[in-house]
Amino acid sequence: MDFKFSEEQQKFRQEVRDFLEEELRQGLWQPSCDAWIMGFDPEFTKRVAQKGWIGLTWPKEHGGQGRSYVDRLIITEEMLRYGAPAGCHWFADRQIGGAILLYGTDEQKKELLPMILRGEARVGLGMSEPEAGSDLASLKTRAVEDGDDYIIDGQKVWTSGGSHMNWIYLVARTDQEAPKHRGISEFFFETRLPGIDVRPIVDITGRVHFNEIFFDSVRVSKKCLIGEKNRGFYQILHQLDYERSGMERLMANYPLFEALIQYVKETKRNGKPLSEEPLIRSKLAQLKIELEVGRLHMYRIALVMDEGRAPNWESAMGKAYGTAFEQRLANTAMEIIGLYGQLSPESKWAPMLGMAHESYLSSKGYSLQAGTSEILKNILALRKLELPTQ
Ligand SMILES: Cc1cc2nc3c(=O)[nH]c(=O)nc-3n(C[C@H](O)[C@H](O)[C@H](O)COP(=O)(O)OP(=O)(O)OC[C@H]3O[C@@H](n4cnc5c(N)ncnc54)[C@H](O)[C@@H]3O)c2cc1C
């Protein structure tokens, strides 16, 4: 395993940085935490698409660049470092395009992939339901065949980006009689259909990020079925490995990390610079150690994908580690800034634009979304440590 970047990769990283620096110079957006999932800027996504940076790893015959997952990780790492608003294309680029490549028909590939490559598919992930989260196979949303169509009824919840999405990747029950894992299928369709009702949920930070989605006799063509009917549960497990695999599980709050170091350098308490406090220095150094270890692990995951393997336990390990790091980063920021940490971004007295406040609150959800840390540790226990099934 070689962790050294090639000269081309170093040049590529510089190209991505130059692009993002120029965007910042023009004032096109403000860096922010969580921007990969909360930053919705269709124009930014279009510019990224024009660079050919969506679908980078896809084969050339499907419009991709046939490049490596390490190259893709370079892009995503830099976007996270700069806090760039990549929420409009992240899901489609990370896992939906790959799922269509793997399971879609030729017709679906021809129709859907170019739309993703152009940055036009803002995709919501319709998996969780009120009674089905960790145990996704318990889902109740039904898709019943009716001629050339399916009729969908049910409810999804916690759909990230639901208010901005124009397409949804939905898992629904297509066989009521089969054992629960064997009666599920995947669908991909536009959300501007009669019978779809998207209701925002206000999250702990006061922002709208995820949504409830109700399906009332929604008619979708059978052409929207992705992959094999009733094999959707196994397909989605594969996709989850990709969903958990990236640098966004470690560096979503990187702008806070940088701001915190700057804050410590610039701030005095009781006449003494915070940067001279041994405890604060030690805490920041500890975070830096953890960040670097996490980065190397994320690159290791990309290498696994470049070998053509789905990163199963590797992703579980990376996400459990990375999200715990992000929670420690937010906790440390709050400890260092003290009572000012309670001020939200609206307050002019909030240090670091209120980033610590928001990260502290939103990082609680990191160890839930895309699989809780308990579930990820179950995967590790079973798949890596080969402990017996419970
Ligand atoms: C910020 C955020 C964004 C999200 N975005 C999306 C999205 O875009 N699309 C989507 O479909 N869903 C989304 N989710 C939902 C997320 O996938 C679920 O919250 C998650 O899978 C857990 O399901 P649950 O909330 O129903 O909790 P439950 O599954 O009910 O779990 C409750 C607790 O029990 C523990 N637990 C459950 N089973 C086991 C077990 N077998 N062993 C040990 N412990 C166990 C869990 O770890 C957890 O602590 C999002 C969630 C959050 C917080």
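Where does Gln262 lie? Gln262 is in helix 9 (residues 254-266), with helices (H or I, at least four residues) and strands (E, at least two) taken as DSSP runs numbered from the N terminus. This is a predicted model, in which local features need pLDDT of at least 70 and side-chain atom pairs count only at pLDDT 80 or more, while totals for chains, interfaces and linings use all residues. Residues are numbered from 1 along each chain as its sequence is written, and side-chain values use heavy atoms, with hydrogens and water left out.

Back to Gln262: its relative accessible area is 39%, so it counts as partly exposed (buried is under 20%, exposed over 50%, partly exposed in between, with a 1.4 Å probe and protein chains only). Between the C-alpha atoms of Gln262 and Ser275 there are 9.3 Å, with 13 residues separating the two along the chain.

Now for the inside. The largest nonpolar core (buried Ala, Val, Leu, Ile, Met, Phe, Trp, Tyr and Cys residues joined through side-chain atoms within 4.5 Å) has 85 residues, and Leu20, Phe44, Met79, Val123 and Phe188 are the ones that touch the most other members. Helix 10 (residues 278-306) supplies the largest share of this core, nine residues. A second, separate core has 16 residues, among them Ile152, Met165, Leu170 and Phe189. As for Leu20, its contacts (heavy atoms within 4.5 Å) are Trp29, Phe44, Glu78, Met79, Tyr82 and Ala84, once residues up to four places away in sequence are set aside.

Aromatic pairs come to 15 in this structure. Rings of Phe, Tyr and Trp (its six-membered ring) pair if their centres lie within 6.5 Å; planes under 30 degrees apart count as stacked, over 60 as edge-to-face and the rest as tilted. One of the pairs is Phe12 with Trp53, edge-to-face at 5.9 Å centre to centre and 85° between the planes. This pair links distant parts of the chain, 41 residues apart: Phe12 belongs to helix 1 (residues 7-25), and Trp53 to the loop between helix 3 (42-50) and helix 4 (69-82). Phe12 and Trp53 are both buried. Ring pairs also tie Phe12, Phe19, Trp29, Phe44 and Trp53 into a cluster.

Two arginines have a charge over a ring (NZ of Lys or CZ of Arg within 6 Å of the ring centre and within 35 degrees of the ring normal). The charged end of Arg13 is 5.0 Å from the ring centre of Phe5, and that of Arg199 is 4.2 Å from the ring centre of Phe214.

Turning to the ligand, 18 residues are around it (a heavy atom within 4 Å), and Ser128, Ser134, Trp158, Thr372 and Glu374 come nearest. Polar contacts are pairs of N or O atoms within 3.5 Å; within protein, one must be able to donate a hydrogen and the other to accept it, and residues adjacent in sequence count only if both atoms are side-chain atoms. A polar backbone atom of Ser128 is 2.7 Å from a ligand oxygen, and a backbone N or O atom of Met127 is 3.0 Å from an oxygen atom of the ligand. With Ser160, a polar side-chain atom lies 2.7 Å from a ligand nitrogen.

Thr141 sits in the loop between strand 1 and strand 2 (142-146) and is buried, at 1% relative accessible area. Its side chain makes a 2.7 Å polar contact with the side chain of Glu129, and a polar atom of that Thr141 side chain is 3.2 Å from the backbone nitrogen of Gln155.

Arg118 is in the loop between helix 6 (106-117) and strand 1 (123-126). At 44% relative accessibility, Arg118 is partly exposed. The side chains of Arg118 and Glu120 make a polar contact of 3.0 Å. Beyond its neighbours within four places in sequence, Arg118 is in contact with Lys46 and Ala49.

Backbone angles round things off. Most residues other than glycine have a negative phi. Asp34, in the loop between helix 1 and helix 2 (35-38), has a positive phi near 60° and is buried at 5% relative accessibility. Asn230 likewise has a positive phi, near 70°; it lies in the loop between strand 8 (225-226) and helix 7 (232-243) and is buried at 17%.
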